[in-house]
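Biologist: Please choose a single part of this model and go through it closely, then place it in the chain around it and in the rest of the assembly. Give the cut-offs as you go.

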Amino acid sequence: MKPRDRVINSIERSPIDRVPLDGWFRPETMIRLREYFKTDRSEEVLRALGIDIRDIRMDPPESFKPEYILPAQRLSKDFESLYATMFDEWGIKREAGSTDEYWHFTHHPLEHVELDDYAFPDIDAPGRFERARELAKQYSGEFLVAGNATLGLFEEAWALRGYRTFIRDLYTNETFVNKLLDRLLIWKTEQCKRLIECGADMILTSDDLGMQTGLMLAPPIIRKYFMPRYRLWFSELKKKGAYIFFHTDGKVEPIIPDLIGAGIDVLNPVQPDCMDPVVIKELYGDRITIHGTISVQKTLPFGTIEEVRREVETRIMTVGRGGGLIIAPTHTVDKHIPIENIVGMYRAAMQTKIPD
Amino acid sequence: MNTCRDVLVNLEIGGMQDSVRAALISGLSPTEILQDLEAGMQEVGARFQRGEYFFSELIMAGETMKEALKILKPLLESSQTKAKGKIVIGTIQGDLHDIGKDIVSTMLASAGFEVHDLGIDVPPESFSAKVKETGADIVGVSALLSVTVPTISKVVEVIKLGGMRDRVKIIAGGAAMRPEYAANLGIDAAVNDAIEGVKIIKKWATS
């Protein structure tokens, strides 16, 4: 069975030969995986792990020359710019942490410039979609092509405005919030439409609305500002035939019905550390596909290969029946996770039969 | 006019500064107003733990409290009130998450603690250096990423090396933290809830 058919059949609840697989890897992890599989091509690694989905994304335009403040460690020629401290094309400063693994936002343009005076990046600037189009062509027909359109509305808004400032805005500055989110909604819809034109079968977007213990934002705020815009955004993309993949970390059970109402098809990552995938499947499995569910907080970094295998088998046995499950680590795989556990996870998933 | 406590609990950020001024001219001392606000923060924390308030509302309460402290802090400094306790707090090296840590900092500052916030991505040595410099009796280490949790033992190690372990209590907080981790890490408490962490720290300060 072709990987693309496997994913689509799982979403559509048609027969599949095994559970579909997905995953994202940080550069240092990908380098170790290349060594493990004795290849210098990431594509070979993805094939060896049985990953059925390929991401494409929008690039900065040719004219954008990032201003690097602090060069990150040179990992390899493919990844050199990933963790450098820099201003991105929105004017947001991304600052690298001391261990070069993550960056965070430390300069927010809309704390310094009025929204009316702030120009969004030009979505039609040359050079944005050439690579996406080329990759989609390569993957076309064989793999499911996901158009990666992160960040979402909440995340892009707070990156532009500052986290606390934007939370304050949500409670005190309705006019500003509406104007910013509407401009982002229009811009992001255009971005996604172009990714679909390039060949994306699914649009992948994210807004972290949850934390380990509950929702980050109060539900009335989520329902007032975000859900209506998600509904408009996603329905426009679904008209063009795309599936909608939505990522939000954390314990988000109370808003899953809202997300379904807004039109999502796939929910990621359903962290087993704070939401029971079995319960989510029972409650919503007829309307959404569950993506993720293998813990990057516990099992993958700290478990044995046997424990990893058991978690994968348990998930497929308890959540996999009838389709609607795509197995992946619950977050990007970083350098703290042993290679043997990563490989073990994918092997176990490929070997486990879906229950009838 | 509403009391400062009510203004805080209702998250009326725009009215906070005027409420503090109104309380001052009505004859309340800065310390009395701070006590009133602390009661408000406790109520916000209780509403959060009951599921009536969400995380965004904890942040709003913190922001509202900061508005009050803009007026009160200069007045409190001049009245030389003794701090309830001194805490050095920060997010562990390798982790860049600051929201939970900031909430704890704000709540402790509003409860009358002297808070030395080292920010994020803090090397273990910086915690111990700050404890030495300030004479702090409590250390708070935040770690959201479970893979950074083991680094907390290094904080304990350097504090021990500095001969200060006997006089400081150490607490760790973060999403993936569990109370039972405390023993393994060699610390005095581990929590996955900012409000719970503040309660424990306050208890230590009064014991």
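Modeller: In this predicted model, α10(A) and α12(A) count as roughly parallel to each other (an angle under 35 degrees), because the axes of α10, residues 277-284 of chain A, and α12, residues 305-319 of chain A, cross at roughly 20° and come within 10 Å. Those axes are lines fitted to C-alpha atoms over the stretch in contact, with angles from 0 to 180 degrees between N-to-C directions, and the crossing of α10(A) past α12(A) is right-handed, the near helix being turned clockwise from the far one by less than a right angle. On the α10(A) side the contact (C-beta atoms, placed from the backbone, within 7 Å) is made by A:Pro277, A:Val278 and A:Lys281, and on the α12(A) side by A:Arg315, A:Thr318 and A:Val319. Sorted by class, this contact has 3 nonpolar, 1 polar and 2 charged residues, where Asp, Glu, Lys and Arg count as charged.

Both helices belong to chain A, which has 13 helices and 13 strands, taken as DSSP runs of at least four residues (H or I) and at least two (E). With 356 residues, chain A has a radius of gyration of 20 Å, in agreement with the value near 21 Å for a compact globule (over C-alpha atoms; 2.2 Å times the number of residues to the power 0.38), and its C-alpha trace spans about 55 × 45 × 35 Å along the principal axes. Buried residues, those with 20 or more other C-beta atoms within 10 Å of their own, make up 44% of chain A, and 72% of its contacts with a separation of 6 or more join residues 24 or more positions apart.

Chain A also meets chain B, in a contact that takes 26 residues from chain A and 20 residues from chain B; the chain B side divides into 10 nonpolar, 6 polar and 4 charged residues. Chain B itself has 9 helices and 5 strands, and with 207 residues its radius of gyration of 17 Å agrees with the globule value near 17 Å. Its C-alpha atoms fill a box of roughly 50 × 35 × 30 Å along the principal axes, and 52% of its residues are buried.

As to conventions, residues are numbered from 1 along each chain, while chains are lettered from A and ligands numbered from 1 in the order in which they are written. Local features need pLDDT of at least 70 and side-chain atom pairs count only at pLDDT 80 or more, whereas totals for chains, interfaces and linings use all residues.

Definitions and conventions: Buried ≥ 20, exposed ≤ 12 C-beta atoms within 10 Å, placed from the backbone. Contact = placed C-beta atoms within 7 Å. Parallel < 35°, antiparallel > 145°, perpendicular 65-115°, else oblique.
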